[in-house]
Structures are given as structure tokens and as C-alpha cells.
Amino acid sequence: MTIPGVHLTRIGKGNFLLEPLRSMNIQDQGTLMRDIVAQVQQEQGLCLYYDLNGVPVIDPVYYGWLDKLARTCQALNIKMICINMQPTAAFTLSNFLTNKPVFETALSVPD
């Protein structure tokens, strides 16, 4: 299944890597979320690694997208872990957070 705006790759038993492309449009969150979660669920995924390497700033709109995707994953017993977060993204995110995010963070996908 091809999902416009993202590259979703199975990287091991139960693990998937989501890489947003420059063409990703979070204005169509419902369709994008449905397609991502459906693919992971169809292949019995347990963990979705969301690669933030190409995201220099996380604003409230982008955080809202991450939060909704993480909550949807959580409802389906899929763990979402954001990886490769740039310091600038972490700094901007920290400026408006009032609670701990639903998703976890890690430096990279574990070996």
C-alpha cells in the first residue's frame, strides 16, 4: 500500500518506520492516519517509529498531528516512538507543552 506523503517500512517483527516526506499534508489527517494505522495493523505491528529527522521545528499544529496519531496507535495497542528529534524541534516543542506527550522518544531505532 502506497501512502501519499510518507514512507512506511516494516523494519522487523512488529516494528515499522514512518518517514514523513516533504509532500506530507497533515491537513488531511483523517485519511493519512487511517492509512498509516491500517497498514501497521494489517501486518500485526506493535511499534511505530516516527522519524523526525527532517522536521526542524515542531509547532502546535504538527504536535497536534503527532498527538492524534499516537493516541490512535495507543487505542490499538501500538506503541509510537518518535526518533531522531533535532534539538531545535525539541526546544520549540518544549515551549508550548503543558503535559508529557503521549508518544515516547528515543535517539534512534534500537539495534
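Visitor: Which residues touch the most other members of the largest nonpolar core?
Guide: Happy to start there, with the reminder that this is a predicted model. The largest nonpolar core holds 30 residues. Strand 1, strand 2, helix 1, strand 3, helix 2, strand 4 and helix 3 (87-96) each supply at least two of them. Those that touch the most other members are Leu48, Tyr50, Tyr62, Trp65, Leu66 and Leu69.

Visitor: And which element gives the most to this core?
Guide: In general, nonpolar side chains tend to be buried together in soluble globular proteins. Here the top contribution to the core is 7 residues. The element that supplies them is helix 2.

Visitor: Tyr62 is on that list, so what is Tyr62 in contact with, leaving aside neighbours within four places in sequence?
Guide: Contact here means heavy atoms within 4.5 Å. With neighbours within four places in sequence set aside, the partners of Tyr62 are Pro20, Met24, Ile26, Tyr50, Leu52 and Val55.

Visitor: Which residues does the second, separate core include?
Guide: This other core has 5 residues. Two of its members, Tyr49 and Ile81, also stand opposite each other, with Ile81 in strand 4. Among the members are Leu17, Cys47, Tyr49 and Ile81.

Visitor: Let's turn to the sheet: what is the order of its strands?
Guide: The sheet is open, and its 5 strands have mixed pairing. From one strand to the next, the twist averages 30 degrees. The order is 1-2-3-4-5.

Visitor: Why is one side of strand 1 and of strand 5 left without a neighbour in the sheet?
Guide: Strand 1 (6-12) and strand 5 (104-106) stand at the edges of the sheet. One side of each is therefore free of a neighbour, because each has a single partner strand.

Visitor: How many bridges join strand 1 to strand 2?
Guide: These two strands run antiparallel. One of the pairs is Thr9 with its bridge partner Leu17 in strand 2. Their hairpin has 2 residues between the strands, and Gly14 takes a positive phi near 80 degrees there. The number of bridges joining strand 1 to strand 2 is 6.

Visitor: In which sense do strand 3 and strand 4 pair, parallel or antiparallel?
Guide: Strands of a sheet pair through backbone hydrogen bonds in either sense. Strand 2 and strand 3 are joined by 4 bridges and run parallel, with Leu18 opposite Tyr50 in strand 3. Strand 4 (residues 79-83) and strand 5 are joined by 3 bridges and also run parallel. For strand 3 and strand 4, paired over 5 bridges, the sense is parallel.

Visitor: Which residue in strand 5 stands opposite Ile81?
Guide: Strand 4 is mostly covered, with 4 of its 5 residues buried. Across from strand 4, Ala106 in strand 5 stands opposite Ile83. The strand 5 residue opposite Ile81 is Glu104.

Visitor: What is the handedness of the β-α-β unit made by strand 4, helix 3 and strand 5?
Guide: Let's follow the chain along the sheet. The crossover from strand 2 through helix 1 to strand 3 is right-handed. Strand 3, helix 2 and strand 4 make a right-handed unit. The unit of strand 4, helix 3 and strand 5 is right-handed.

Visitor: Which strands does helix 1 touch as it packs on the sheet?
Guide: Helix 1 covers residues 29-42, and its direction makes about 20 degrees with that of strand 1. Helix 2 (residues 60-75) lies across strand 2, strand 3 and strand 4, running at about 170 degrees to strand 3. The strands touched by helix 1 are strand 1, strand 2 (15-20) and strand 3 (47-51).

Visitor: Which residues of helix 1 are buried?
Guide: Helix 1 has 14 residues and reaches 19 Å from its first C-alpha to its last, close to the 20 Å expected. What covers its buried residues includes strand 1, strand 2, strand 3 and helix 2. The buried residues are Gln29, Leu32, Met33, Asp35, Ile36, Val37, Gln39 and Val40.

Visitor: One last stop: how far apart in space are Thr92 and Ile58, C-alpha to C-alpha?
Guide: Thr92 has its place in helix 3. Leaving aside neighbours within four places in sequence, Thr92 is in contact with Val57 and Ile58. Thr92 and Ile58 are 34 residues apart in sequence, yet their C-alpha distance in space is 6.0 Å.

Definitions and conventions. Residues numbered from 1 in each chain as written. Predicted model: local features only at pLDDT ≥ 70, side-chain atom pairs only at ≥ 80, totals over all residues. Heavy atoms only, no water. Pairing = 2+ DSSP bridges. Axes fitted to C-alpha atoms, helices over the stretch in contact; angles between N-to-C directions. Expected span 1.5 Å × (residues − 1). Buried < 20%, exposed > 50% of the residue type's maximum accessible area, 1.4 Å probe, protein only. Right-handed = clockwise from strand over helix to strand, strands pointing away. Core = buried A, V, L, I, M, F, W, Y, C linked by side-chain atoms within 4.5 Å.
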